[in-house]
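Student: I would like to go through this structure term by term. For each label, please set the value against its cut-off.

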Amino acid sequence: MPTKYDPIGWMLSEAVESLSRAERLHRQFFQLRPYSSAGKPTWEPPIDVLETEEELLITVALPGVAPDHVEVVIEDSVLRVAGHRVLPPELRNAAIHRLELPQGRFERRIALPAGRYSVRRLAENGCLVLRLGKMR
């Protein structure tokens, strides 16, 4: 690692670290898909899927998106979560210094185990939480 007395090495190290952070963010936070089922470019939010005897618990990272503005549909054992993430109106004319959270249309498809489910949704810590109760 360059010392503070090596400004060229320090600047190069910072540039490489910034590129590395951007790559990790791209891989970990979202994947851009060319087209969704609606025929429009989309990004895929990251998810966690956990299963208990009573339910599937799906957490979708959607900071700034209200749960009631997200379409949640189960078709042929596939859960589809779709919607738009947009800048708040008061920020549309702001100078952007950094914009790492994706904007625009998102869609995520999640294969589900066979069965019937009741769906509850809630917002928790910047995520959409879907509780899919197993119906017997």
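Student: Why does Trp43 count as buried?
Tutor: Buried means under 20% relative accessible area, exposed means over 50%, and partly exposed lies in between (1.4 Å probe, protein chains only). Trp43 has 2% relative accessibility, so Trp43 counts as buried. Phe106, at 0% relative accessibility, counts as buried too. This is a predicted model, in which local features need pLDDT of at least 70 and side-chain atom pairs count only at pLDDT 80 or more, while totals for chains, interfaces and linings use all residues. Residues are numbered from 1 along each chain as its sequence is written, and side-chain values use heavy atoms, with hydrogens and water left out.

Student: What makes Trp43 and Phe106 an aromatic pair, and why is the pair called tilted?
Tutor: Rings of Phe, Tyr and Trp (its six-membered ring) pair if their centres lie within 6.5 Å; planes under 30 degrees apart are stacked, over 60 edge-to-face, and the rest tilted. For Trp43 and Phe106 the centres are 5.4 Å apart and the planes make 50 degrees, so the two rings pair and the pair falls in the tilted class. The structure holds 1 aromatic pair.

Student: Which parts of the chain does the pair tie together?
Tutor: Trp43 lies in strand E2 (residues 42-44) and Phe106 in strand E7 (residues 104-111), so the parts tied together are 63 residues apart in sequence. Strands here are DSSP runs of E with at least two residues, and helices are runs of H or I with at least four, numbered from the N terminus. The chain has 1 helix and 9 strands, in the order α-β-β-β-β-β-β-β-β-β along the sequence.

Student: How do you know that E5 and E6 pair?
Tutor: Two strands pair if DSSP finds at least two bridges between them. Strand E5 (residues 71-75) and strand E6 (residues 78-85) are joined by 5 bridges and run antiparallel, so the criterion is met. Glu75 stands opposite Val78 in E6, and the hairpin has 2 residues between the strands.

Student: What is notable about phi in the loop between E5 and E6?
Tutor: Most residues other than glycine have a negative phi. Asp76, which is not a glycine, has a positive phi of about 50 degrees. Ser77 also sits in that loop, and its phi is positive, near 60 degrees.

Student: Are Asp76 and Ser77 buried or exposed?
Tutor: Asp76 has 76% relative accessibility and so counts as exposed. Ser77 has a relative accessible area of 34%, and is therefore partly exposed.

Student: Which side chain makes a polar contact with that of Arg80?
Tutor: The side chain of Glu71 does, at 2.7 Å. A polar contact is a pair of N or O atoms within 3.5 Å; within protein, one must be able to donate a hydrogen and the other to accept it, and residues adjacent in sequence count only if both atoms are side-chain atoms. Arg80 is found in strand E6 and has a relative accessible area of 9%, so Arg80 is buried.

Student: What makes a set of residues a nonpolar core?
Tutor: The members are buried Ala, Val, Leu, Ile, Met, Phe, Trp, Tyr and Cys residues joined through side-chain atoms within 4.5 Å. The largest one here has 17 residues, and those touching the most other members are Ile58, Leu62, Val70, Leu79, Val81, Leu112 and Leu130. Strand E4 (55-61), E6, E7 and strand E9 (127-135) each give two or more residues to this core.

Student: What does Ile58 contact?
Tutor: Contact means heavy atoms within 4.5 Å. Leaving aside neighbours within four places in sequence, the partners of Ile58 include Asp48, Leu79, Ile110, Leu112 and Leu130.

Student: Why is Leu122 called partly exposed?
Tutor: Leu122 has a relative accessible area of 29%, so Leu122 falls between the two limits. Leu122 lies in strand E8 (residues 116-124). Its C-alpha is 6.2 Å from that of Pro67, although the two are 55 residues apart in sequence.

Student: How many bridges join E8 to E9?
Tutor: There are 9, and the strands run antiparallel. Arg116 has Met135 in E9 as its bridge partner.
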